[in-house]
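Visitor: Could you take me through this model, with the cut-offs stated as we go?

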Amino acid sequence: MNNIIETVDLTKIYTMGSEKIAAVDHVNLSVHRNEILTIVGPSGCGKSTLLGLIGGLDRPTSGHVVFEGKKLPSSEDKLAIFRRKNIGFVFQFYNLLPALSALDNVKLPLKLLKISDKETNKRSKELLKAVGLQNRFYHKPGELSGGEQQRVALARALITKPGLILADEPTGNLDSKSGHQILELIQQMNKNYSQTFVIATHDLNISKIADRSIHLLDGRIICSD
Amino acid sequence: MWIKFAMENLKKNPKRIALTSAGVFIAVVLMTSSYAVIYSIEEQALEPWRDIIGGDAIITGGFSIAETEEGKYEPIYGVEEKFISISNTEDNSKASFDPFLLIPVIFFQEEENQGSITGRPQSSVEHFLTNNLVEGRLPSVTENKELEGVADITSSFVKNHQIKVGDSIKVLIPKVIDGRFSYKKGEIHTIKIVGMISWGGIISSDSIVVPYSHLAEICDLEKDKASYIAIYVKHPEYRNEIIEEVRKNTKYNVLTMDQLFSQMSKDFQELRTFIIKVLISLFLISSLIILNTMLISVDERKREFAILRSIGMQSKDVLEIILTETFLITCIGAVVGVFTSWIFVSEFISGIWPILKTIFFMIIIIVIMALITGLYPAYRAIKIHPMEVLKNE
């Protein structure tokens, strides 16, 4: 099976007062294994919603998502288990837990998988080293720069070796240098660990690192290249 | 797993946690102390009766208490007789009525060098007095109205103050108001110790026995009328028949010791109910304090829970975090509260086991409180929709 994920007529409609807005409108999308796919489009076009639906963070109004040949479960807790095992999220605003150190933030997903402390520690430190944060293990997010925080977030997303990484504007809050470093890391991880990346962005430059891009407008795919 | 995480979260807002803990602390101290007070009052009131019931040969021999109806003092046969007896008509077995109907128990106050006095019914006092007199003579009503009594040679107050036959001691003797002893209206009287006895553990050794008729006069008991009459049944197998006999021939209610004990326990029901209401109110107040703190905490940490849910945290993990935090907040105030209240509790309760029992009881309440109050905030945290929260960032 070459596709890691497929969406079938995926639709998400939000009701605002009496008005219904289709954030994602009958999207049929296939993501190939080990590719970097960018979803490009202006703000409000439904990129984040689509990522949320693919990652099981949100439920579609209609249609469904198929991950490795199986439809996503419907119950919240089963979706949580699905995310824990198969998905890594990277957000624009990093979304690290401020009370925990960089190392503890990276450890979290492994703790949820009940991996032993020794193994958790070892893997987390290795990954933080791999993203260049060997001197920042015990720093809390507030003590790290934006680029460093995003690298911690990337390490957290990769720590369980998920099949699919969903990144929502991963460079959107970074300066160009840090953004460039993050993109390099993504390319490196994709190459070294054979992980699939779906990146939502409005920055066309990011598409340069992608194997494939789709363009989204008003919740619909308008073109693919 | 989540204790470290919960601890880190608690550190975020120390002022709020300190105030919540202070609230829990105050509630726990009040709860423990209230519980200790009721426990102590009940124990102290019932303890003399337990003495009589527990391990007392008289009870197994068939011991009953005759009590007046509605607290009125009604004459029965004539208590001034030296020895009163009733007979079972069928087998001629006899029950004896004692002229020493009230045994005043001296609660000797070391500092003030005087004691207070209370009445307690006891059967066959004369029998014991006669058999256990080790020195001097039995008390009698003297012409000059001097109050005479016998004391237990082994009692602590006799030993501590080296009281001997011929000494006089000061005792606060209560008045009987509406059938109850009132120490407030009581007066200090002098009792001359005319004899020494050894109770041999039958009743509290800190007792002084004085003649009933004389005491009745001092206490304003109507002369020749008894409030309580204790009956020593010589043939226990006829106990029930004798009770029937007393009932038939007098206006007295007859209570066995067990019945009397349970009646006394009922008297505490009202006080117990009040204390339970106080405990429930304090429980609710402290629960609301914790609930409020936890709800604010969950509300402030929506994003945090959304992140945790996004990386795959299940509902049970969220529940575990919230309950751990609630438990920690509760414990901080509660543990300090329980140990602080030990100081108060030890004033009311003597003995390590009753104190431990009180503390164990409080710990159970605290655990229940933490669990119950943590459930709703946990439910709110579980219901956080990660996508909505993270999208609105």
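Guide: The model is predicted, so that local features need pLDDT of at least 70 and side-chain atom pairs count only at pLDDT 80 or more, while totals for chains, interfaces and linings use all residues. Residues are numbered from 1 along each chain as its sequence is written, with chains lettered from A and ligands numbered from 1 in the order in which they are written.

Visitor: Which residues are buried in helix α1 (residues 3–12) of chain B?
Guide: Helices here are DSSP runs of H or I with at least four residues, strands are runs of E with at least two, and both are numbered from the N terminus. A residue is buried if 20 or more other C-beta atoms lie within 10 Å of its own, exposed if 12 or fewer, and partly exposed in between, with C-beta atoms placed from the backbone. In α1 of chain B, the buried residues are Phe5(B), Ala6(B), Asn9(B) and Leu10(B).

Visitor: Why do these buried residues lie on the same side of α1(B)?
Guide: An α-helix has 3.6 residues a turn, so residues three or four places apart point the same way. The arc is taken from the directions from the helix axis to the C-beta atoms. The buried residues are on the same side of α1(B) because they cover an arc of only 140° around the axis.

Visitor: Which exposed residues does the face of α1(B) turned away from its buried side carry?
Guide: The buried side holds Phe5(B) and Leu10(B), among others. On the face turned away from that side, the exposed residues are Lys4(B) and Lys11(B).
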